[in-house]
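User: Could you take a close look at the sheet for me, and at what packs on it? I'd like the cut-offs too, please.

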Amino acid sequence: MPRGTSEVSEPMYFVLTALRAGPLHGHAISKSIKELSAGRVQPSVGTLYGILERLNERGVITVDREETVNGRNRRYFRITDEGQALVEAEARRMQEAASLVLRPSST
């Protein structure tokens with residue numbers, strides 16, 4: 001079953017939500033997604049970096065900085081103003097859709 005909209009998939013939504021807390025590197029993003037979704041969304045490493053690449057190309061996230069930790073490059077990403085607006089619009093869309101089901105019945 002497809003999740004999210006054609007503009008924002010469920011894993012993309014959680015990446016953007018994780019980045020609202022500030023710049024994070026890939027592993028920290030992955031941990032945050034798992035935590036935010038209560039373990040329900042766990043993209044593989046390849047999928048996560050594909051999502052980060054697509055979001056970066058769309059201008060909704062950007063590379064904040066790069067560091068070398070234990071000889072390995074670590075890239076930190078941050079959400080842009082466009083990304084913030086996109087994730088907020090998606091949250092409102094989901095809230096409106098959920099209200100159709102969760103509102104009290106009139107019986």
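Analyst: Happy to; here is the sheet, with its setting first. This is a predicted model, in which local features need pLDDT of at least 70 and side-chain atom pairs count only at pLDDT 80 or more, while totals for chains, interfaces and linings use all residues. Residues are numbered from 1 along each chain as its sequence is written, and side-chain values use heavy atoms, leaving out hydrogens and water.

The protein has four helices and three strands, where helices (H or I, at least four residues) and strands (E, at least two) are DSSP runs numbered from the N terminus. Their order from the N terminus is α-β-α-α-β-β-α.

The three strands make up an open, antiparallel sheet in the order β1-β3-β2; two strands pair if DSSP finds at least two bridges between them. At the edges lie β1 (24-25) and β2 (61-69), each of which pairs on one side only. Strand β3 (residues 72-79) runs antiparallel to β1, and two bridges join them. L24 has F77 of β3 as its bridge partner.

Helix α1 (residues 10-19) packs on this sheet and touches β1, β2 and β3, a contact being heavy atoms within 4.5 Å. The direction of α1 makes about 90° with that of β3; axes here are lines fitted to C-alpha atoms, for helices over the stretch in contact, with angles running from 0 to 180 degrees between N-to-C directions.

For the wider picture, residues 24 or more positions apart account for 51% of the protein's contacts with a separation of 6 or more.
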